[in-house]
Amino acid sequence: MSGTTTAGATRAADVPRQGRRGTERAGRPPGGGGRLAPGGAANRWTVLVVLCVSLLLVAVDATVLHVAVPAVSQALRPGPVELLWIVDAYPLVCASLLILFGTLGDRVGRRRVLVAGYATFGAASALAAYAHTPEVLVAARALLGVGGAMIMPATLSILRHVFPDRRERALAVGVWSAVAAVGAAIGPLVGGALLEHFWWGSVFLVNIPLMLLCVPAGLRLLPESTGDREGPWDVVGALLAAAGLCALILGVKQAADGGPLRPGVLLPGLLGAALLALFVRRQRRCRHPLVDCAGLTRPAFGTAVACIVLTVLALVGLALIAAQYLQLVLGLSPLQTGLRLLPLSLAAIAAGLAGSRMLRRLGPRTMVCLGFLTTAAAVLALTGAGQQDRPVLLVGGFVLLGFGLETTLFGSYESMLSDAPAERAGGAAAIGETAYQLGAGIGIAVLGTVVNAAYAPGVRAADGVPREAAADAARSLGEAYEVAGRLGGPEGEALRAAARESFVQGLHVALLVSAGLLLLGALAALRLPRTMAAAAQEGERGGTPRGAAQDAPEGERPGADGARREPEPGERTGRPGGSLLSGGITRP
């Protein structure tokens, strides 16, 4: 295994071959120093570092604003709707454009789209940091979403090309997913630390110097790669996908805020579903589709995407509910809440780093199933949490939860990427990220509705509390505390106690629903390939010869005439079981 360039396949990344004669052919000196050529690339592990730095920024930015919302509200005085859009504009725009920019990268060049994403993200960060009105901040957050949509699928698709050997790619995906977990964990901590010393705009301003480093690093170190470029890029299809996803995700977010049967939920939801149905129909009939919709019927790819949706659906909404529980029921501060949730992120990082070894030993099917079962066990264990703080139970549950969650996502993402043809890596990565965003939105709506259904009746039935006050308190636990503070005396204490008890009951019901979804995911994972070798064979049967050629060992790749190319004397082949990988790293 060496570079990702194969004659007659895709115009893939010019990652240097590490064998003596291979480096000479790739345009590098035998010593391995220097660049390949204009548009060439550095060692693929250096490429992974650049990709992970950019991913870290996007992951941090997704959560850093959460702790800055009070400061933003005080400075800009946004209304309730404006505040909602300040928070939601970024994920809404990002999720809507993932397929558009993922497939555009396959066409015009993934590095080109990624570097454009860096520049967009940096410019939007500056605009957000110095926004003087809520409208400007909403626009800046939307522009950040555009940059994020350029960056996220590009990192995975470049990773797919730079690491054609599945064993190395599994390790790289593990590092990639661990970095994403780090970003999600440290986002609120970074935001809190900045707000202790600077104004709210500092949470955006910190992105600018890092993006200024990423742009030249990306141009110098990252390889350029594209798909097969056959036929025109389907602009109409890309716009249909963007509009459909935007409407559907907007409807899902509206459902999370006020119930699923309101016109504000049904209209965008139905419009989004209709547009996406038109998109799928168009792609199935198109001679050169943006997305291989038939790929979703292949067991490895389609099941992996379904597992991503089920995992995120079951757990993202639960994470938000858990944060409310820690702060409003147990009375922890935001910093204490972040520290209490830190074991979850640390366990996820450990699972990401160990994922490559687990995947080789267990195979995709067993690994993802065990991940689902471990996560379900953790969720069921957390039903022992009540109105009193039980730190040992919570920390143990969070550790199991983080490890199982990351194990499941690692196995699912790796199976999805490995099954996709190399020339459609951008589209495959975009589908995976879109599945994640959809699962997150639906999960928040579903589990939020479950908690409210269990919480509201108990608050309304609180003894000695006026009916109007009880109705206001039934909206959320935070509002219940505000109403209790206004009432004061025994009535206020009764309302506060009833609200806490009802919220804990709602949390337990949500945990049980989440466990059920995770067990359903474990059943779905049984359709994944049993071993990594079986997965590769399924990819070949699924009509992805180009991807198979990319993943073949160096000595078995076809040449320009389609014949098998034998390795030249002195060239390392990177066959499984060899003593060295092409980067000079000892195989475990």
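Visitor: Leaving aside neighbours within four places in sequence, which residues is Gly 147 in contact with?
Guide: We're looking at a predicted model here. Leave out the residues within four places of Gly 147, and a short list of contacts remains. That list is Gly 117, Thr 120 and Phe 121.

Visitor: Where is Gly 147 found, and is this residue buried or exposed?
Guide: Gly 147 belongs to helix H6, which covers residues 134–162. Its relative accessible area is 0%, and buried means under 20%. So Gly 147 counts as buried.

Visitor: What separates the C-alpha atoms of Gly 147 and Ala 116?
Guide: Along the chain, these two residues are 31 residues apart. In space, the separation between their C-alpha atoms is 7.7 Å.

Visitor: Zooming out, how many helices and strands does the protein have?
Guide: Let's start with its length, which is 588 residues, with 53% of them buried. Among contacts between residues at least 6 apart in sequence, 78% join residues at least 24 apart. As for secondary structure, the tally is 20 helices and zero strands.

Visitor: Which helix gives the largest share of the largest nonpolar core?
Guide: That core holds 146 residues, and Phe 101, Tyr 118, Leu 137, Phe 204 and Tyr 325 touch the most other members. The largest share is 14 residues, and they come from the helix spanning residues 299–329, namely H12.

Visitor: Which residues does Tyr 118 touch, not counting those up to four places away in sequence?
Guide: Tyr 118 is one of the core residues that touch the most other members. Set aside residues up to four places away in sequence, and Tyr 118 touches Val 50, Ser 54, Ile 151, Met 211, Cys 214, Val 215 and Leu 222.

Visitor: Why is Cys 307 not bonded to the closest cysteine sulfur?
Guide: Cys 307 is buried, at 0% relative accessibility. A disulfide needs two cysteine sulfur atoms within 2.5 Å. The closest cysteine sulfur, in Cys 369, is too far for a bond because the distance from the sulfur of Cys 307 is 7.7 Å.

Visitor: How many disulfides are there by this rule?
Guide: The rule asks for a pair of cysteine sulfur atoms within 2.5 Å. Apply that rule here and the count is zero.

Visitor: Which residues does Ser 412 touch, not counting those up to four places away in sequence?
Guide: Ser 412 sits in helix H14 and is buried, with 0% relative accessibility. Cys 307 turns up again in its list of contacts. With residues up to four places away left out, Ser 412 touches Ala 304, Cys 307, Ile 308 and Val 368.

Visitor: How far apart are the end C-alpha atoms of H14?
Guide: H14 covers residues 391–419, and 21 of its 29 residues are buried. At 1.5 Å a residue, this helix should span 42 Å. The end C-alpha atoms agree with that, at a distance of 42 Å.

Visitor: Within what arc do the buried residues of H17 fall?
Guide: In helix H17, residues 477–487, the buried ones are Leu 477, Ala 480, Tyr 481, Val 483 and Ala 484. Look down the axis and they line one face of the helix, because they fall within an arc of 165°.

Visitor: Which exposed residues does the face of H17 turned away from its buried side carry?
Guide: Just after H17 comes Gly 488, with a positive phi of about 65°. On the helix itself, the face turned away from the buried side carries the exposed residues Glu 482, Gly 485 and Arg 486.

Methods
Residues are numbered from 1 along each chain as its sequence is written. This is a predicted model: local features need pLDDT of at least 70, side-chain atom pairs count only at pLDDT 80 or more; totals for chains, interfaces and linings use all residues. Side-chain values use heavy atoms; hydrogens and water are left out. A nonpolar core is a set of buried Ala, Val, Leu, Ile, Met, Phe, Trp, Tyr and Cys residues joined through side-chain atoms within 4.5 Å. Buried means under 20% relative accessible area, exposed over 50%, partly exposed in between (1.4 Å probe, protein chains only). Helices (H or I, at least four residues) and strands (E, at least two) are DSSP runs, numbered from the N terminus. Contact means heavy atoms within 4.5 Å. The expected span of a helix is 1.5 Å times one less than its number of residues. The arc is that of the directions from the helix axis to the C-beta atoms.
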